[in-house]
Each structure stands twice: as structure tokens, then as C-alpha cells.
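Here is a friendly briefing to read alongside the sequence and the 3D view. Please keep both open as you go.

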Amino acid sequence: MKRFDAEFIAINAVENNGGTKYMVLSKNHTKALALDAYGDGMKKAMLLLGAVIMAQNGILLIDEFETAIHVSAMKHVFGRIIETAIELNVQIFMTSHSIEAIRAVLLCDFDLQPSMRMLTLANVDGEIKVRNVDGVKDVQLLDEYGLELR
């Protein structure tokens, strides 16, 4: 959570009526807020970050990674997720049909681009071909040539 809120203190699980509610303590608020108060985007970001942590030294598969995350927050969210994956030695495979989401990931942090690869499939004369390009080249192909990366 500290990756998204520098003033974060802790998350506490509180049992109530047979269920568990997660309360977030932050210096930005005078009292703890339910994690639900942060909205679906923050819940999804926390879920993804938790999945990266659980996948330490392994592989994580994420389908339609951008679901519930507002396009204006994607660069920040995915920058933190990719940084954490690098720190924890997690290889992430993400899928998307959204060019905005792909662009946000590629541009989340220029220093992270060399650690990224994009695989795209194309049907060429009835045969499936794979294009495998690093993040730096992906940005160049996208910006300079308008190449379809999805």
C-alpha cells in the first residue's frame, strides 16, 4: 500500500458480523478507512500487488490487467507493480486488448522499459507468427510507426 500512498501506516483486518473488513490507516486521514472506500481501482491494484508478492521467485499470469483501473492511474499502478515484480524476481505475463493500457504500461517508467517484452501473435499466410520485442523498441514502433501492438 505504501507504493500507492506514501502516508500509509497499516492495514488491519477487523472481524465483524462473521466477515472480515480491512481498515486502512494513513496519515492522510484522521481515522481508519475501509479499503472499500478507496474504490474498485485501488482494490484491484492491491489485489495485483498482493499477487506479485505471493508469486515471489515465480510467474504471474494476469488476463485483462487493466480491468477496474482508471486510465489516469495506470502508469502509476503498473509502474509500482513492475518495480515490485523486479525486486521479488517475478515474471509477469499480462494480456490486454486495450491500446491505452498497453501504452500506459510501456510508458509507466522509462527505466523499466528494458525489462519489458511484448509478444504479439499474427496470422501470416495461415501460419501463426510471434513478434517478440523489448519495451524500448515497442515504444519506438508505437510512436514512430504507429504499429498496432495488440
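The notes below cover the overall layout, a sheet, two helix packings and a salt bridge.

This is a predicted model, in which local features need pLDDT of at least 70 and side-chain atom pairs count only at pLDDT 80 or more, while totals for chains, interfaces and linings use all residues. Residues are numbered from 1 along each chain as its sequence is written, and side-chain values use heavy atoms, with hydrogens and water left out.

**Overall layout**

- The protein chain holds four helices and seven strands; these are DSSP runs numbered from the N terminus, with helices being H or I of at least four residues and strands being E of at least two.
- Reading from the N terminus, the elements follow the order β-β-β-α-β-α-β-α-β-β-α.
- Along the principal axes, the C-alpha atoms of the protein chain fill a box of roughly 60 × 30 × 25 Å.

**The sheet β1-β2-β3**

- An open sheet is built from three strands in the order β1-β2-β3, with antiparallel pairing; two strands pair if DSSP finds at least two bridges between them.
- At the edges sit β1 (8-16) and β3 (33-34), each of which pairs on one side only.
- Strand β2 (residues 19-26) is joined to β1 by eight bridges, and these two strands run antiparallel.
- Among the bridge partners across β1 and β2, E15 is matched with T20, V14 with K21, and N12 with M23.
- A hairpin is formed by β1 and β2 with two residues between them, and N17 in the turn has a positive phi of about 50°.
- On the other side, β2 is joined to β3 by two bridges, again running antiparallel.
- M23 has A34 as its bridge partner in β3, and N12 is the residue whose bridge partner in β2 is M23.
- The hairpin of β2 and β3 has six residues between the strands.

**Helices α1 and α2**

- Helix α2 (residues 74-87) packs with α1 at an angle of about 10°, their axes being 9 Å apart; axes are lines fitted to C-alpha atoms, for helices over the stretch in contact, and angles run from 0 to 180 degrees between N-to-C directions.
- That angle makes α1 roughly parallel to α2, since angles under 35 degrees count as roughly parallel, over 145 as roughly antiparallel, 65 to 115 as roughly perpendicular and the rest as oblique.
- From α1, A45, L48, L49, V52 and I53 meet V77, F78, R80, I81, T84 and A85 of α2, where contact means heavy atoms within 4.5 Å.
- This contact of α1 with α2 has nine nonpolar, one polar and one charged residues; Ala, Val, Leu, Ile, Met, Phe, Trp, Tyr, Cys and Pro count as nonpolar, Asp, Glu, Lys and Arg as charged, and the others, Gly among them, as polar.

**Helices α3 and α4**

- Helix α3 (residues 99-106) and helix α4 (residues 135-145) pack at an angle of about 130°, and their axes are 10 Å apart.
- The angle therefore makes α3 oblique to α4.
- In α3, I99, R103 and L106 meet G135, D138, V139, L142 and D143 in α4.
- By class, the residues of the contact of α3 with α4 are four nonpolar, one polar and three charged.

**Salt bridges**

- Three salt bridges turn up in a search of the whole structure, each being a side-chain nitrogen of Lys or Arg within 4 Å of a carboxyl oxygen of Asp or Glu.
- One salt bridge brings together the side chains of K43 and D40 (3.3 Å, N to O).
- K43 and D40 are three residues apart in helix α1 (residues 40-54), so about one helical turn separates them.
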